Protein chains: 2
Amino acid sequence: MTGKREQKKEQTRQAIVAAAVDLFSSKGYEKTSIEDLAKAAGIGKSTVYTYFKAKEEIFLAFFDEEFEYSFSALHEHVDPDAPLINQLHTLFMLQYEFVTKNREFGRILVRETLFPKSVTSLAKESNQRYLDALGEILNRAKERGEIRPEFDNFFLAAHFFMIYLGSLSGLYTGYITTTEEVEIGLMTLLNQALQGIAL
Amino acid sequence: MTGKREQKKEQTRQAIVAAAVDLFSSKGYEKTSIEDLAKAAGIGKSTVYTYFKAKEEIFLAFFDEEFEYSFSALHEHVDPDAPLINQLHTLFMLQYEFVTKNREFGRILVRETLFPKSVTSLAKESNQRYLDALGEILNRAKERGEIRPEFDNFFLAAHFFMIYLGSLSGLYTGYITTTEEVEIGLMTLLNQALQGIAL
DNA sequence: CGCTAAAGTCGAACCGGGTCGACTTTAGCG
DNA sequence: CGCTAAAGTCGACCCGGTTCGACTTTAGCG
């Protein structure tokens with residue numbers, strides 16, 4: 001396999017993603033047209049559609065690259081044996097900063113990964129990776145005896161993920177506006193989840 | 001005030017919303033073009049933009065009509081003095097059914113209200129109404145001594161809302177596929193929230 | 001090496017959301 | 001009632017994502 005043809009195809013794909021990383025970062029998603037990407041990649045506009053079914057798919061590929069970078073930064077900041085709430089706090093605030101470096105970017109990201117038009121493996125993969133990272137943190141917390149062992153890891157991870165997600169939504173709907181408010185909201189909700197709401 | 005002009009304007013507005021209720025329901029949001037709406041309302045395409053700034057705004061107006069209907073049905077199903085978890089369960093499952101009557105509809109709804117392009121009062125209003133309805137349920141639960149009184153009502157409502165939101169996302173990303181699974185997921189998460197995750 | 005069918009490419013066109021600016025209606029004043 | 005400025009209307013157009021179909025390249029067989 002991997003004949004000349006496949007190699008070239010892979011190269012072109014890379015070129016499109018590289019153009020996306022470049023242009024989405026500098027001009028933003030909406031303001032970058034498919035034609036811009038095509039020109040930057042040195043191909044024709046409609047050729048882009050040989051490699052990606054839609055603009056959103058290019059976005060997801062672009063996100064993959066960025067995600068890698070962001071998650072490697074995470075491990076430098078979080079002590080794997082710190083109390084759970086500290087770890088979650090750090091993780092979410094890092095993620096939050098990353099997402100709001102470009103407000104537009106974060107919005108599209110959430111929309112496309114969490115409420116995608118069709119069930120593509122791409123979107124699910126992104127979520128899974130996030131959930132896995134959360135799962136590891138939770139596992140360690142369970143081993144330390146910090147949290148109830150009878151709850152399922154998947155639903156625990158999902159629970160925390162939702163809290164993060166909701167805080168983001170608060171940002172986009174205008175309920176909260178500053179980083180401090182995000183921080184307060186996040187901590188309040190994490191506390192509720194950990195302590196329990198019922199008397 | 002309310003001269004002939006304002007009356008007619010209101011009429012035209014209504015005609016557009018009526019066309020939206022009709023066409024969005026039958027053909028779906030994406031497949032209904034502005035021109036379709038204009039034709040159905042008996043006006044020109046660009047006149048639509050005198051009444052609404054964007055297609056999304058028409059969607060929100062359409063949703064307003066549907067929302068009213070759905071929430072009135074709610075009060076017939078939920079006993080205001082039933083245990084909190086039962087009330088939440090009923091509320092969310094009703095809401096869920098409503099939203100998935102048309103899958104497309106639910107997706108756009110979440111996207112536009114929770115992650116809107118710009119902070120419009122419209123989207124915030126929709127959320128606020130939902131949060132208010134939740135707040136009432138929580139108030140009664142507090143009065144019955146079911147939940148911790150020291151937590152802020154807003155954040156409690158937000159917490160439950162997020163759980164619902166996350167379950168929906170699970171549906172759209174393909175983590176869950178059937179109504180039963182939604183129900184199980186919902187109950188699991190509500191339990192976690194009420195009991196508390198920490199040991 | 002020549003041929004062919006499949007794969008890859010891209011210009012042209014489609015489609016639908018949104019804008020512009022010229023035209024039409026009408027409120028409300030004298 | 002007549003006039004005018006403001007409000008309302010809409011045809012023509014722009015723009016960008018996506019599709020179509022004709023053209024070009026190339027793998028791989030004889």
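Colleague: In this predicted model, what makes the pairing of B:Thr47 with DNA strand D a polar contact?

Modeller: Set the distance against the cut-off. An N or O atom in the side chain of B:Thr47 is 2.7 Å from a phosphate oxygen of DNA strand D. The cut-off for a pair of N or O atoms is 3.5 Å, so the pair counts as a polar contact.

Colleague: Which part of DNA strand D does B:Ser46 reach, base or phosphate?

Modeller: A base. A polar side-chain atom of B:Ser46 lies 2.4 Å from a base oxygen of the strand. A:Thr32 uses a polar backbone atom instead, 3.5 Å from a phosphate oxygen of DNA strand D. The elements giving two or more residues to this surface are α1 of chain A, plus α1 and α3 (48-51) of chain B.

Colleague: How many residues surround DNA strand D, and which are closest?

Modeller: There are 18. The closest are A:Ile34, A:Lys55, B:Gly44, B:Ser46 and B:Thr47. By class, the surface has 5 nonpolar, 7 polar and 6 charged residues. Sugar or phosphate supplies 57% of the strand's atoms within 4 Å of the protein, and bases supply the rest.

Colleague: Now DNA strand C. What puts a residue among the 19 that surround this strand?

Modeller: One of its heavy atoms must lie within 4 Å of the strand. The closest of the 19 are A:Ser46, A:Thr47, B:Ile34, B:Lys45 and B:Lys55. Of the strand's atoms that come within 4 Å of the protein, 54% are sugar and phosphate. The surface residues divide into 5 nonpolar, 7 polar and 7 charged.

Colleague: How do you know that A:Thr47 makes a polar contact with DNA strand C?

Modeller: Its polar side-chain atom lies 2.7 Å from a phosphate oxygen of the strand. That is within 3.5 Å, so the contact counts. A:Gly44 offers a polar backbone atom, 2.8 Å from a phosphate oxygen of DNA strand C. B:Tyr49 offers a side-chain N or O atom, 3.0 Å from a phosphate oxygen of the strand.

Colleague: On to the helices. Why are α5(A) and α8(A) called oblique?

Modeller: The axes of α5 (residues 84-100) and α8 (residues 153-173) of chain A cross at roughly 40°. Under 35 degrees would be roughly parallel, and roughly perpendicular runs from 65 to 115, so this pair is oblique. The axes come within 11 Å. The crossing is right-handed.

Colleague: Which residues meet there?

Modeller: From α5(A), they include A:Leu88, A:Phe92 and A:Tyr96. From α8(A), they include A:Phe161, A:Tyr164 and A:Leu168. The contact has 11 nonpolar, 2 polar and no charged residues.

Colleague: What word describes the angle between α5(A) and α6(A), and why?

Modeller: Roughly perpendicular. The angle between α5(A) and α6 (residues 103-114) of chain A is about 110°. That value falls in the range 65 to 115, so the term applies. Their axes are 6 Å apart. A:Phe98, A:Val99 and A:Thr100 of α5(A) touch A:Arg103, A:Phe105, A:Gly106 and A:Leu109 of α6(A). By class, that is 4 nonpolar, 2 polar and 1 charged.

Colleague: Last one. What makes the pairing of B:Asn153 with B:Asn139 a polar contact?

Modeller: Their side chains make the contact at 3.2 Å. The limit is 3.5 Å, so the distance qualifies. B:Asn153 sits in helix α8 (residues 153-173) of chain B. Leaving aside residues up to four places away in sequence, B:Asn153 also touches B:Gly135, B:Leu138 and B:Lys142.

Notes: Residues are numbered from 1 along each chain as its sequence is written. Chains are lettered from A and ligands numbered from 1 in the order in which they are written. This is a predicted model: local features need pLDDT of at least 70, side-chain atom pairs count only at pLDDT 80 or more; totals for chains, interfaces and linings use all residues. Side-chain values use heavy atoms; hydrogens and water are left out. Axes are lines fitted to C-alpha atoms, for helices over the stretch in contact, and angles run from 0 to 180 degrees between N-to-C directions. Helices (H or I, at least four residues) and strands (E, at least two) are DSSP runs, numbered from the N terminus. Angles under 35 degrees count as roughly parallel, over 145 as roughly antiparallel, 65 to 115 as roughly perpendicular and the rest as oblique. A crossing is left-handed if the near helix is turned anticlockwise from the far one by less than a right angle, and right-handed if clockwise. Contact means heavy atoms within 4.5 Å. Ala, Val, Leu, Ile, Met, Phe, Trp, Tyr, Cys and Pro count as nonpolar, Asp, Glu, Lys and Arg as charged, and the others, Gly among them, as polar. A polar contact is a pair of N or O atoms within 3.5 Å; within protein, one must be able to donate a hydrogen and the other to accept it, and residues adjacent in sequence count only if both atoms are side-chain atoms.
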